[in-house]
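The following exercises concern helix packing and an annotated segment. Each task is followed by a worked solution.

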Amino acid sequence: MFQAFDVSTTALVAQRARLDTIAGNVANANSTRNEAGEAEPFRRRFVQFAAADMGFAGDGSAQAGARTATGVQFEVKTDETTPLRAVHAPGHPDAGPDGMLMLPNVDLTSEFVNAVEAARAYEANVTAVELSKQLAEQSLRILG
């Protein structure tokens with residue numbers, strides 16, 4: 001029964017990391033310098049999810065054939081495939097000799113859609129935790 005809580009909890013943490021990453025992308029949508037102050041445009045980041053093996057179910061023993069609980073693990077990656085945006089801004093201090101300024105590869109529309117999707121997934125996992133909690137309470141009431 002506690003496996004449901006573990007799975008939902010790891011999913012909540014992963015979705016929160018996704019929302020944090022999206023917020024960072026939006027905040028740096030026009031950043032032309034890195035954290036060291038060097039002229040290097042920000043690169044969009046994204047969260048990649050994968051199923052996580054959380055060990056053996058039940059009493060924790062490593063019996064053959066025991067079911068394993070799964071959860072969500074995530075990794076924050078940098079988008080190196082999407083090209084940077086180039087705009088003509090000859091007066092900008094970070095513009096090249098040709099007057100072209102390289103801006104981050106962040107598309108605000110896509111980030112907004114991703115944020116809505118992550119918020120909905122977060123809400124779905126909160127609902128799953130609440131249902132698991134109700135199920136546990138009902139089970140204890142029947143037993144007790």
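Helices (H or I, at least four residues) and strands (E, at least two) are DSSP runs, numbered from the N terminus. The model is predicted, so that local features need pLDDT of at least 70 and side-chain atom pairs pLDDT 80 or more, while totals for chains, interfaces and linings use all residues. Residues are numbered from 1 along each chain as its sequence is written, and side-chain values use heavy atoms, without hydrogens and water.

**Exercise 1.** Describe the chain over residues 6–32.

*Solution.* The unreviewed UniProt entry annotates residues 6–32 as "domain: Flagellar basal body rod protein N-terminal"; such annotations may be inferred rather than shown by experiment. This stretch is 81% helix and 0% strand. Its end C-alpha atoms lie 40 Å apart.

**Exercise 2.** At what angle do helix 1 and helix 2 pack, and how are they oriented?

*Solution.* Helix 1 spans residues 2–27 and helix 2 residues 108–143. Their axes (lines fitted to C-alpha atoms over the stretch in contact, with angles from 0 to 180 degrees between N-to-C directions) are 9 Å apart, at an angle of about 160 degrees. The two helices are therefore roughly antiparallel, a term for angles over 145 degrees.

Note on methods:
Angles under 35 degrees count as roughly parallel, over 145 as roughly antiparallel, 65 to 115 as roughly perpendicular and the rest as oblique.
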